Amino acid sequence: MAAPRCSRCACLLLVFIYSLYVVVISEEPTPGNEQHASVVENPQTAAETEKQPTEERRWEATQVDETVPDDAAANKQDLPVPDSVLTSTPPLKDEFQEELVIRPLHSGDIYASFQFRTVWETDFTRGSKVSHYRLFPKSLGQVISKFSVRELHISFTQGYWRTMQWGQPYLPSPPGAELWVWFQDTVTDVDATWKELTNVLSGIFCASLNFIDSTNTVEPSASFKPLGIANGTDHRFLRYATLPREIVCTENLTPWKKLLPCGSKAGLAVLLKSEKLFHSSFHSQAVHIRPVCQDEPCKTTSLELRQTLNVVFDLHASGQGKREWSLFKMFSRTLTEACPLASSSKIYIDVTDNPEEDQFELSPATHLLSQAVVLGDRRTFSVYDLTQQVTFGTVRSLNVLIRWKSTEGDMLRPLLHAERYIAGYGLQTGEIHTLMYNNHPFRSFPVLLLDSVPWYLRLYVHTLTVTSKGKDNKPSYIHYQPSKDRMRPHLLEMLVQLPPHSVTEVTMQFERALLKWTEYTPDPNHGFYVGSSVVSALVPSTVAMNTNITKEQPLFSTFFPTKEESSYFIRVYTEPLLVNLPTPDFSMPYNVICLTCTVVAVGYGSLYNLLTRSFQVEEPSPGLAKRIANVIRKMRGVPPL
Amino acid sequence: MGLLSDPNRRRALINLLTRLNAPICALCYFAGVCWFMGLAFEPFTLRTYMSENAMGSTMVEERFPSGERALATGKEFAAHKKKVGGMPVDWLVKTMQAQGLEVFTQSFSRTLPFPDENKERYIVKGTNVYGILRAPRAPRTEALVLSAPCSPGDNNNQAVGLLLGLAHYFRSQVFWAKDIIFLVNEHDLIGMQAWLESYHHTNTTGMDWSPLQGRGGSIQAALSLELSSDVITSLDIILEGLNGQLPNLDLANLFYAFCQKIGVLCTIQGRLQRNDWDSVSGYSHAVQTMMLMVMKQASGRPWGDHGLFLRYHIEAATIKGINSFRQYKTDITTVGRLLEGMFRKLNNLLERLHQSYFFYLMPSLSHFVSIGYYMPAFGLLAVILLLRALDLWVQLVSPPAVAADGVGDIAQQSSPGVLSVLTPLVISHLTGAALYILPTRFQEIAVEHFPVSETEAVVLTAIAVYTAGLALPHNTHRLLSGEGTEQGWRVLKLVAVLYLAVLLSCTALINFSLGFILALTLVPVAAFVTPHVPKTLSAVVLVILSPAFTLLFSVFFFQELEEMPVSFQDGWLLYLSVISQGILDHYLYGSLVYPLIALMVYPCWLLFWNILFWK
């Protein structure tokens, strides 16, 4: 309990210094004036806005020496006149934070979520050529400015998030690759830009994103709203595509790591070793770029880049019956330092379910506790601050160890979860069933279901039924865009109200198309993938949510903006489907073609001939004399010879 | 084709075919039978080979260590089963959960159309328990199934034990790319049917089941395990599924390859393979093995729990442990290793099994007869029907009495012919429909009026309708259109022969064995029957070659092949139970043999019966 008190003291001190400073410089008109006004009214926010110098001070402290007041003062000198190059450090227009959340899961598995956040006070839209990059990766910055991207979300996932066992993830993603982009409204030809963008991203991330074309791209009308600040939400500037077949591996991880300021050399990123990360039950890495508010009144925007990596380690696969986890066991590395460029670097361990340490035991013990509201629930975390040398102890390395005490729990009942499967048998028709479970005991809530089905499954829209509790459940909003063969997929969006404690089933029949023989994949008998459907919902939360996004919070709890205090936003992805289409026998194409052609040419031709012709014995043709005689006889009116 | 375009040559050919029709037919029949018997002769067959590359060259190591533990689990399971008096659902759920599987249960109930006296069940209620091993980093799109039935009595406890042992071992491995579903099904096939229908959300047979809570995507392959002893001498693989469907031959190859690798004796149809193919006994051994397969396939029933998977295009087989009096025993760890190896190779599959044959016969586990080799045997039989049809057609088109102006005459003659053909056709099909519908519909009435049980009532009604059909139709056309004409029976026979040809060909394409056995008996009937042959003798021959008697002979023949010959009395009882089983298979699992016989084959045979009694 000493630590929070300490920080409170620090805050007070800072407020004091700050007000002093306000008095000193109040004569000068500065762009931050309005900000200061609000600051004085609300000392809490003042502490927040002062956070940046604080962090700076800490970092400086570890670097240089213990001359705290001087340093802080120097920083304060810097802030009002950012363009003056007085000191060697450039003006801090960008900031980098790193964070690792570890959540021991109910099933005995362990969930580790990395978040790396770079915020950069810049605006590509103003047309000013940005050429100086410090923390923000240049490769992405150039892409954003060239293609006028407002928001970009890309995720690569290997595996399926098991909601029933693991609960909700901090950041959901579907199996395979997912990409959705909001373009600036200045873009004229969105489709061409999108095509180009996917190809560029394909190169940046070493992934097959170039397979995204018009046949798997949709423009969702409601399901994917901008996550950053945005003026208009015209879905013509939105493109969404998934590649359920994409396999994620080391070659995608390496370019992803290269985007980090410290690479994988220092900080939390040293833990990202592919041989362990891909030895897990679930692996997901993502890049999210969006404009965010710089401060409370939101006068200016900054660009936020979030790189997230989620991984779930399997208890059974790795342990020889020993139920314990440590950083070393998970990642085969321990931590020795924070990334020197990071303004904050923390490890959070979710200890909410473990108030009396009866579930698991945590070592080394930390006194730092933090509370955050995440996914509608107030969670308590033990915090390890890597920017402080104390954290590493005498051995100069941090190896957090979790030792389980209890046995495995039952399956969870998450408030919302969804699954999907194909019903029926045979290769002609089938039925897609999507089940959505609302496990809330008394609240009903609406969900948005997005289904994007490839054209080769010909949906029978008239067979669409939505039932919950045995009754017809009429969706209040349906947006359906039929497919065009070889051009675009089906898009179905529905707003459905899920009654409390119920299962809502959406079914739709389809017919399997017969492809042209060149359209089959090299492994046609494997089947064809249908991407996950997306269920987006505002789920009633158990605690009041904090709607102030600029407030200092752990990164993992601040991704989806919340508008209301009583509910929180989640997105649930169903499993992708593997559908077998009628497939010709490709084993001996040459023989088959030869044989078929022979049968058609010889057999069919002659048989047809034989059946349609009538055979008559032909009289030998009469001689010339006889013909002339006949003509004469005809003229005479006598019957011919 | 040039031969046929020339009228003179065509006439010559037709003359030849009509003149030599009978000898050619006899020759074809003989050749067909010989060809079929030759299929089992080893030099004429192909060695099996692995076609699927993903399973062939990839090396897997089998390391399953804990056979003893599996047996202990099996014993525990047996104890709990005895205590509960059925499926120990709670224990299974707990055990599977402790192994780290996602466990789900499914309850089902089914009232049979009439009591099943073989298994003594009428109203069936049960619960299936299954656990899903989620493959790491796999998106739940593909799955494999390992199932073991929870059988009454002391059977199959070891199978469940081994299943749980394998689940435990598999759970700690990281190489799985497909989810593995471990299923313990109650009431063998009924439970399996309920589970599969629920998994695919279809309902073809009117069963009540609760929906499944967990799924693993599309199932790629399935193995069903039957094991009732702690040690075994050999493993038997059962392939024949519903409606004579077979799994891809690669599944059998995989089993054979692993038996060879691990050194387990393996059998098919319970028979070891022999190396002395050139001796008479060796050949007869192969013929018997193949005939067993033909008989089982022709029956159209699933011969193991795997049989129901095949409808959903899931390659499946049952592996059965056999403990005989041989010296050399194999322990359960070895069986576990074998299954582990098979699952690891199935796990490596990139596509569904499709490279190898789906239509084959196996005279031994290392040799097979593909569709290209066995179809000519059937073709030779079917061509007889076409030859007879040609003969009849020629007789009809050029009647000897009619001269040049015969066009109008034929029209005159054949116009009453239409009705005389249609009437027997309709009536015989109505009889067939009665045979299909009446036995199950009238069981209550039959039980009320006669001192029989429901099952007996069904079987006896079926036999009664069948017999009544013999008396009914051949008189009817006389009531409608007077005396049967010479033209009339020819037209009718032409129709009947072509009908039979189409019917048998279609059957043989789907289920060769059934088509071939039916062709063996029905083709001679179709070939020789006319109203002019001696009545009594022909009637006897016709009845003996009728579908019902074919079934009777098959029952005795099958018992002979299984080396369990029965007396006539027992055989008759067995025959009755086979009929009831056939009807039950249709209602429970959707087997098509009973409707095929009742609605198609029997009416077709009645047409020939009709022709015999034309005058």
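Student: Between which two strands of chain A is the loop in which Pro364(A) is found?

Tutor: In this predicted model, local features need pLDDT of at least 70 and side-chain atom pairs count only at pLDDT 80 or more, while totals for chains, interfaces and linings use all residues. Residues are numbered from 1 along each chain as its sequence is written, chains are lettered from A and ligands numbered from 1 in the order in which they are written, and side-chain values use heavy atoms, with hydrogens and water left out. Secondary structure consists of DSSP runs numbered from the N terminus, namely helices (H or I, at least four residues) and strands (E, at least two). On that basis, the loop holding Pro364(A) lies between β11 (360-363) and β12 (369-374) of chain A.

Student: What is omega for the peptide bond from Ser363(A) to Pro364(A)?

Tutor: Most residues other than glycine have a negative phi, and most peptide bonds are trans. The bond from Ser363(A) to Pro364(A) is cis, with omega near -5 degrees.

Student: How many strands are there in chain A?

Tutor: Chain A has 641 residues, and 51% of them are buried (under 20% relative accessible area, with exposed meaning over 50% and partly exposed in between, for a 1.4 Å probe and protein chains only). Among its contacts (heavy atoms within 4.5 Å) between residues at least 6 apart in sequence, 75% join residues at least 24 apart. Beside its 14 helices, chain A has strands numbering 26.

Student: How many residues apart are the parts that Lys146(A) and Glu196(A) tie together?

Tutor: The two side chains meet in a salt bridge (a side-chain nitrogen of Lys or Arg within 4 Å of a carboxyl oxygen of Asp or Glu), with 3.3 Å from N to O. Lys146(A) is exposed, with a relative accessible area of 56%, whereas Glu196(A) counts as partly exposed at 41%. Because Lys146(A) lies in helix α6 (residues 138-146) and Glu196(A) in helix α8 (residues 190-205) of chain A, the pair ties together parts whose separation in sequence is 50 residues.

Student: In which strand of chain A is Arg290(A), the partner of Glu304(A)?

Tutor: The side chains of Glu304(A) and Arg290(A) meet in a salt bridge with 2.7 Å from N to O. Glu304(A) counts as buried at 1% relative accessibility, and Arg290(A) likewise counts as buried at 1%. The pair is 14 residues apart, with Glu304(A) in strand β8 (residues 301-313) and Arg290(A) in strand β7 (residues 282-293) of chain A.

Student: Which residues do salt bridges with shared partners join into one network?

Tutor: The structure holds 27 salt bridges over all chains. In chain B, one of them brings together the side chains of Lys119(B) and Asp188(B), at 3.7 Å from N to O. Salt bridges that share partners form one network out of Arg117(A), Arg290(A), Glu304(A) and Arg306(A).

Student: Which helix of chain B gives the most residues to the largest nonpolar core?

Tutor: A nonpolar core is a set of buried Ala, Val, Leu, Ile, Met, Phe, Trp, Tyr and Cys residues joined through side-chain atoms within 4.5 Å. The largest one has 192 residues, and those with the most contacts inside it include Phe36(B), Trp195(B) and Phe255(B). The greatest contribution, 14 residues, comes from residues 593-612 of chain B, which form helix α22.

Student: Which domains of chain B does this core lie between?

Tutor: Chain B is divided into two domains, whose bounds come from an automatic or database domain assignment. Their centres, taken over C-alpha atoms, are separated by 36 Å, and 34 residues of domain 1 are in contact with 32 residues of domain 2. Both give residues to the core, so the core lies between domain 1 (51-364) and domain 2 (416-611).

Student: What is the accessible area of the nonpolar surface patch formed by Val540(B), Ile544(B), Phe549(B) and Phe553(B) together?

Tutor: Patches are made of residues with over 30% relative accessible area and no salt bridge, like charges being joined within 9 Å and nonpolar side chains (Val, Leu, Ile, Met, Phe, Trp, Tyr) within 5 Å. Accessible areas come from the Shrake-Rupley method with a 1.4 Å probe, and for residues only the protein chains shown count as cover. Val540(B), in helix α19 of chain B, counts as partly exposed at 45% relative accessibility. Together, the four residues of this patch have an accessible area of about 330 Å².
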